[in-house]
Amino acid sequence: MELLHAGRDDHALRTAALLRRSHPADKELQLAGLLHDIGRMLRPGDGARHAVLAAEAVRPLLGERVARLVRLQATAAAASGGAGGADPAGADAEAEAEAVATLRQAREAAGASGPEAGVLEDWRPLLELVAAGSCRAGNALGPLGSPRGPITDVR
């Protein structure tokens, strides 16, 4: 949350808000919209790798799917379509490619004066919920690569 506050990005907030409206049940997709540009804040000026950096940063906290969506949306944008990688197979690959396309479309729509961006704090409960679920799903490492113990405070 501190990094997001420091980088205050209305575009990311608008992207997430669009996804919240269009896909209210897909919390991970919404968070991928909120965090898709976090790599630019982690290492400014490293534009070529910002999606990879963002994915690596969010994976330990929010899980593999959020990280994959963050990474693939940049690949899909660069390739002007498609998921840009052979991650999951079969029907899962189709669903993931659709989610990546949806994220990319929301990102583009948010650039053209999207909905009211809202406030970043509105996203804290969802971040905590997905982080807690990711921890239960077996992410054994914390955000800095150290073994994760029981979560007592997600902040």
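**Exercise 1. Glycine 63 and helix H5**

Task: State what phi glycine 63 takes in this predicted model, and check the length of the helix before it.

Solution: Glycine 63 comes just after H5 and takes a positive phi of about 95°. Helix H5 covers residues 50-62, which makes 13 residues. The expected span is 1.5 Å times one less than the number of residues. For H5 this gives 18 Å. The end C-alpha atoms of H5 are 17 Å apart, which agrees. The buried residues of H5 are His50, Ala51, Leu53, Ala54, Ala55, Val58, Pro60 and Leu62.

**Exercise 2. The span of H7**

Task: Apply the same check to helix H7, residues 91-111, and list its buried residues.

Solution: H7 has 21 residues, so at 1.5 Å a residue it should span 30 Å. Its end C-alpha atoms lie 31 Å apart, in agreement with that value. Buried in H7 are Glu96, Ala99, Val100, Thr102, Leu103, Arg104, Ala106 and Ala110.

**Exercise 3. The packing of H2 on H7**

Task: Describe how H2 and H7 pack, and which residues meet.

Solution: Two packed helices are described by the angle between their axes and the distance between the axes. For H2 (residues 10-22) and H7, the angle is about 125° and the axes are 8 Å apart. An angle over 145 degrees would count as roughly antiparallel and one from 65 to 115 as roughly perpendicular. H2 and H7 are therefore oblique to each other. The crossing of H2 past H7 is right-handed. From H2, the residues His11, Arg14, Thr15, Leu18 and Leu19 take part; they meet Thr102, Leu103, Ala106, Arg107, Ala109, Ala110 and Gly111 of H7. By class, the residues of this contact are 6 nonpolar, 4 polar and 2 charged.

**Exercise 4. Threonine 15**

Task: Is threonine 15 buried or exposed, and which residues does it touch beyond four places in sequence?

Solution: Threonine 15 sits in helix H2. Its relative accessible area is 0%. The cut-off for buried is under 20%, so threonine 15 is buried. Leaving out residues up to four places away in sequence, threonine 15 touches Gly33, His36, Leu103, Ala106, Arg107 and Ala110. One of these, Gly33, is among the buried residues of H3.

**Exercise 5. H3 and the whole chain**

Task: How many residues of H3 are buried, and what share of the chain's residues count as buried?

Solution: In helix H3 (residues 27-35), 7 of the 9 residues are buried, so H3 is largely enclosed by the rest of the structure. The buried residues are Leu29, Gln30, Leu31, Ala32, Gly33, Leu34 and Leu35. Of the chain's 155 residues, 39% count as buried. The chain has 8 helices and 0 strands. Among contacts between residues at least 6 apart in sequence, 65% join residues at least 24 apart.

Conventions
Residues numbered from 1 in each chain as written. Predicted model: local features only at pLDDT ≥ 70, side-chain atom pairs only at ≥ 80, totals over all residues. Heavy atoms only, no water. Helix = DSSP H or I, 4+ residues; strand = E, 2+ residues; numbered from the N terminus. Buried < 20%, exposed > 50% of the residue type's maximum accessible area, 1.4 Å probe, protein only. Axes fitted to C-alpha atoms, helices over the stretch in contact; angles between N-to-C directions. Parallel < 35°, antiparallel > 145°, perpendicular 65-115°, else oblique. Left-handed = near helix turned anticlockwise from the far one by under 90°. Contact = heavy atoms within 4.5 Å. Nonpolar A, V, L, I, M, F, W, Y, C, P; charged D, E, K, R; others polar.
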